[in-house]
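Here are my notes on the model you asked about. Keep the 3D view open and click along as you read.

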Amino acid sequence: MNNLTTDTRIYGLVGHPLGHSFSSTFFNEKFTREGINARYVNLDMESVTGLRAFIEAHPEIVGLNVTIPHKRNVLPLMDELGEEARATGAVNVICIDRSNGLRLIGQNTDCLGFGASLDATGIPALAPKALILGTGGASAAVAFALEKRGIDHLFVSRSEGHGRITYDSLHANPEILRERTLIINATPLGTYPNVDGKPDLPYTQLTGSHLCMDLVYNPAVTAFMAAAAAQGSAVKNGLMMLHEQARAAWQFWQTLSK
């Protein structure tokens, strides 16, 4: 992380831990394939308190992605936010403008990525009711995409709150899962290397009418997906979302980078 100085433009991913990330492979293969003079690196940071100073010290860095656990932590560092970042309160892409000092512009392309993945299933035309598992930055992007499509949703977490129910309530009230046939895992549970993890759902209540989408993409079939598929539910991982949000991030960088 401290040896970045190069004539090549640098893009990178900020998060912790980063062992599960495919972003480096995705972008470096793109750069090689398209003859782009750039390199993508992982910047494993437990804290982002020094991120702005780090960017300032490395003028070769021209764009960043942000992942768990920092999508909300970077908000105070931004000079400007795009519509989706403002609406979700989470940033997964940072554009770096050095044309007049240092200006950081935050955007959220997870909304576009998840929306594209959801649209590809054909489900939005049915306007189902949905459950979003988790209440972190990724869940806000999912909610934004669902609202754009007129899909009613509830968040599921370990504690109740406005628009939020608990996992215990799913076990206690089977009607919730009968009514809400679109279920999105927006938690990191099941991500490599902790592949056995999955949300605490009453999986036996799932049916062939359910679509269970996981934002996790490594492994390709998560424990959540496997448990849902065993009940006959349709399943989809987060790989298409990853690719689509990455393409949107690239367009954002090219539009705004100076």
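The points below go through salt bridges, a helix pair, some backbone oddities and a few single residues.

1. Before anything else, this is a predicted model, in which local features need pLDDT of at least 70, side-chain atom pairs count only at pLDDT 80 or more, and totals for chains, interfaces and linings use all residues. Residues are numbered from 1 along each chain as its sequence is written, and side-chain values use heavy atoms, with hydrogens and water left out.

2. How many salt bridges does the structure hold? There are 11, where a salt bridge is a side-chain nitrogen of Lys or Arg within 4 Å of a carboxyl oxygen of Asp or Glu. One of them joins the side chains of Lys71 and Asp110, at 2.6 Å from N to O. This pair links distant parts of the chain, 39 residues apart: Lys71 is in the loop between β3 (61-66) and β4 (80-81), while Asp110 belongs to helix α4 (residues 110-121). Those element names come from DSSP runs numbered from the N terminus, with helices (H or I) of at least four residues and strands (E) of at least two. Both Lys71 and Asp110 are buried; buried means under 20% relative accessible area, exposed means over 50%, and partly exposed is in between (1.4 Å probe, protein chains only).

3. Next, look at Asp152 and Arg180, whose side chains form a salt bridge of 2.7 Å, N to O. Asp152 sits in the loop between α5 (137-148) and β8 (153-157) and Arg180 in strand β10 (residues 180-185), so this pair ties together parts that are 28 residues apart in sequence. Are the two partners buried or exposed? Asp152 counts as partly exposed because its relative accessibility is 39%, whereas Arg180, at 7%, is buried.

4. Now for a salt bridge inside a helix: the side chains of Arg178 and Glu175 meet at 3.2 Å, N to O. Why are they separated by about one helical turn? Because Arg178 and Glu175 are 3 residues apart in helix α7 (residues 174-179). Arg178 is exposed, with a relative accessible area of 56%, and Glu175 is partly exposed at 39%. Elsewhere, Glu80, Asp97 and Arg103 are joined into one network by salt bridges that share partners.

5. Turn to helices α4 and α5, whose axes come within 8 Å and cross at roughly 55 degrees. The axes are lines fitted to C-alpha atoms, for helices over the stretch in contact, and angles run from 0 to 180 degrees between N-to-C directions. That angle makes α4 oblique to α5, since angles under 35 degrees count as roughly parallel, over 145 as roughly antiparallel, 65 to 115 as roughly perpendicular and the rest as oblique.

6. Which residues make that contact? From α4 they are Asp110, Cys111, Phe114, Gly115 and Leu118, and from α5 they are Ala141, Val142, Phe144, Ala145 and Leu146. Contact here means heavy atoms within 4.5 Å. Sorted by class, that gives 8 nonpolar, 1 polar and 1 charged residues. For the classes, Ala, Val, Leu, Ile, Met, Phe, Trp, Tyr, Cys and Pro count as nonpolar, Asp, Glu, Lys and Arg as charged, and the others, Gly among them, as polar.

7. Some backbone spots deserve a click. Most residues other than glycine have a negative phi, and most peptide bonds are trans. Ile68 and Pro69, though, are joined by a cis peptide bond with omega about 5 degrees, and Pro69 is in the loop between β3 and β4. Another cis bond joins Tyr192 and Pro193, with omega about 10 degrees; Pro193 lies in the loop between β10 and β11. Ala127 is not a glycine, yet its phi is positive, at about 50 degrees. You'll find Ala127 in the loop between α4 and β7 (129-133), partly exposed at 46%.

8. Finally, try Leu75, in the loop between β3 and β4. At 23% relative accessibility, Leu75 is partly exposed. Leaving aside neighbours within four places in sequence, Leu75 is in contact with Leu81, Gly89, Ala90 and Val91. Leu170, by contrast, is 95 residues from Leu75 in sequence and 33 Å away, C-alpha to C-alpha.
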